[in-house]
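Please work through the exercises below with the structure open beside you, trying each task before reading its solution.

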Amino acid sequence: HYSNEYWDLETDLATRRPTRISGGSRVLVRGTVPRAVARFAAVVCLGLAIAFGAILMGVLGGGVLVVAFVGLAIFVGWYYSTPPLKLKARGVGESAIVLVTAFLLPIFAYYLETSTLSLGLLQRAVPLALLAFSLTLATELPDREADRATGQMTLVARLGARKAVLVQGAFFAVGWLYVSLGLVGWRPYWGWAAVAASLPPLGVGLASARPSCRGDVVAMERLGLTSSLMLGYATLALSARYVFG
């Protein structure tokens with residue numbers, strides 16, 4: 001995040017209407033924090049990540065898989081916005097976020113606890129990956145013009161508002177359906193109650209789609225917020241489903 005703030009300053013400066021989900025934290029734009037501080041913090045966090053990865057490997061005896069998990073997460077996270085790769089500007093930043101957050105993190109945590117890998121866990125991460133991808137697209141929507149103007153060709157900048165909203169909505173709906181189908185058989189009424197609780201953000205998200213296609217920034221912000229809420233709902237619901245049976 002610190003690295004992203006540092007390298008995104010030009011784009012954040014070009015963002016005319018920042019929202020709660022886009023345009024960066026604005027602390028660098030406003031000059032509240034010197035840009036060099038963000039760079040320093042990013043390097044410190046990178047060093048700590050490498051150090052803790054070494055500790056996990058040495059003290060816990062995690063072996064080569066720990067190196068693979070930690071190394072891949074660090075590599076993708078660092079080069080998400082950092083040159084020369086700058087994955088987000090190449091239209092693959094969204095996939096990079098999903099890879100780390102929806103797959104690497106839960107699978108790595110499971111491996112540390114059990115010293116094994118699980119195909120079942122990988123399958124359970126699929127709906128989270130779908131919703132995480134939809135959330136990433138939603139948060140990029142308000143920034144699409146500033147991204148395009150500064151050469152940050154994210155997937156949304158490449159697709160345009162209308163196509164991006166259609167893709168985002170498809171992932172949002174399929175992710176919700178995947179989670180819901182996995183909950184309906186969960187104990188008497190528990191699953192149905194959980195699905196019912198997800199209907200309000202689903203409805204708001206669907207209602208925000210059409211105005212978002214027309215470039216309505218307020219609707220785009222609402223779409224991003226409901227996508228974030230849906231991802232949180234899915235994480236909690238699936239965790240409860242598989243922990244409590």
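## Exercise 1: Helix pairs

In this predicted model, α11 passes α12 in a left-handed crossing.

**Task.** Find at what angle helix α11 and helix α12 pack, and how far apart their axes are.

**Solution.** Two packed helices are described by the angle between their axes and the distance between the axes. Begin by locating the two elements, which are helix α11 at residues 190-213 and helix α12 at residues 217-244. Their axes are 8 Å apart, and the packing angle is about 155 degrees. Since angles over 145 degrees count as roughly antiparallel, α11 and α12 are therefore roughly antiparallel to each other.

**Task.** Determine how the axes of helix α7 and helix α10 cross, and within what distance they come.

**Solution.** Helix α7 covers residues 126-140 and helix α10 covers residues 161-183, and their axes come within 8 Å while crossing at roughly 155 degrees. That angle makes α7 roughly antiparallel to α10. As a last step, note the hand of the crossing of α7 and α10, which is left-handed.

## Exercise 2: Salt bridges

**Task.** State how many salt bridges a search of the whole structure finds, and then examine the partners of each pair.

**Solution.** Side chains of opposite charge can pair when their charged atoms come close. The search of the whole structure gives three salt bridges, which can be taken in turn.

- *Step 1.* Aspartate 8 and lysine 88 meet through their side chains, at 2.6 Å from N to O. Aspartate 8 lies in the loop between α1 (2-7) and α2, whereas lysine 88 lies in the loop between α4 and α5, so this salt bridge ties together parts that are 80 residues apart in sequence. Aspartate 8 counts as buried at 7% relative accessibility, and lysine 88 is buried with a relative accessible area of 7%.
- *Step 2.* The side chains of glutamate 221 and arginine 20 form a salt bridge of 2.8 Å, N to O. This pair links distant parts of the chain, with glutamate 221 in helix α12 and arginine 20 in the loop between α2 and α3, 201 residues apart. Glutamate 221 counts as buried at 13% relative accessibility, while arginine 20 is exposed, with a relative accessible area of 68%.
- *Step 3.* Arginine 144 and glutamate 145 meet in a salt bridge of 3.7 Å, again given from N to O. Here arginine 144 counts as buried, at 10% relative accessibility, and glutamate 145 is exposed, with a relative accessible area of 51%.

## Exercise 3: A nonpolar surface patch

**Task.** Identify which residues make the nonpolar surface patch, and decide which helix gives the most to it.

**Solution.** The patch has an area of about 810 Å² and is made by Phe40, Val44, Leu48, Phe52, Ile55, Val59, Leu60 and Leu112. Assigning these residues to elements shows that helix α3 (residues 35-59) gives the most, with six residues. Leucine 112, by contrast with those six, lies in helix α5 (residues 93-114). To classify leucine 112, recall that buried means under 20% relative accessible area and exposed means over 50%; at 36% relative accessibility, leucine 112 therefore counts as partly exposed.

## Exercise 4: Backbone geometry

**Task.** Examine the backbone at arginine 26, at serine 115 and at the peptide bond from proline 83 to proline 84, and place each site with respect to the helices.

**Solution.** Most residues other than glycine have a negative phi, and most peptide bonds are trans. With that background, the sites can be checked one after another.

- *Step 1.* Arginine 26 is not a glycine, yet its phi is positive, at about 75 degrees. Arginine 26 is placed in the loop between α2 (9-14) and α3, and at 15% relative accessibility it counts as buried.
- *Step 2.* Serine 115 also has a positive phi, near 65 degrees. Serine 115 lies in the loop between α5 and α6 (119-124), and it is exposed, with a relative accessible area of 56%.
- *Step 3.* The peptide bond from proline 83 to proline 84 is cis, with omega near 5 degrees. Proline 84 lies in the loop between α4 and α5.

Definitions and conventions:
Residues are numbered from 1 along each chain as its sequence is written. This is a predicted model: local features need pLDDT of at least 70, side-chain atom pairs count only at pLDDT 80 or more; totals for chains, interfaces and linings use all residues. Side-chain values use heavy atoms; hydrogens and water are left out. Patches are made of residues with over 30% relative accessible area and no salt bridge: like charges are joined within 9 Å, nonpolar side chains (Val, Leu, Ile, Met, Phe, Trp, Tyr) within 5 Å. Accessible areas come from the Shrake-Rupley method with a 1.4 Å probe; for residues, only the protein chains shown count as cover. A salt bridge is a side-chain nitrogen of Lys or Arg within 4 Å of a carboxyl oxygen of Asp or Glu. Helices (H or I, at least four residues) and strands (E, at least two) are DSSP runs, numbered from the N terminus. Buried means under 20% relative accessible area, exposed over 50%, partly exposed in between (1.4 Å probe, protein chains only). Axes are lines fitted to C-alpha atoms, for helices over the stretch in contact, and angles run from 0 to 180 degrees between N-to-C directions. Angles under 35 degrees count as roughly parallel, over 145 as roughly antiparallel, 65 to 115 as roughly perpendicular and the rest as oblique. A crossing is left-handed if the near helix is turned anticlockwise from the far one by less than a right angle, and right-handed if clockwise.
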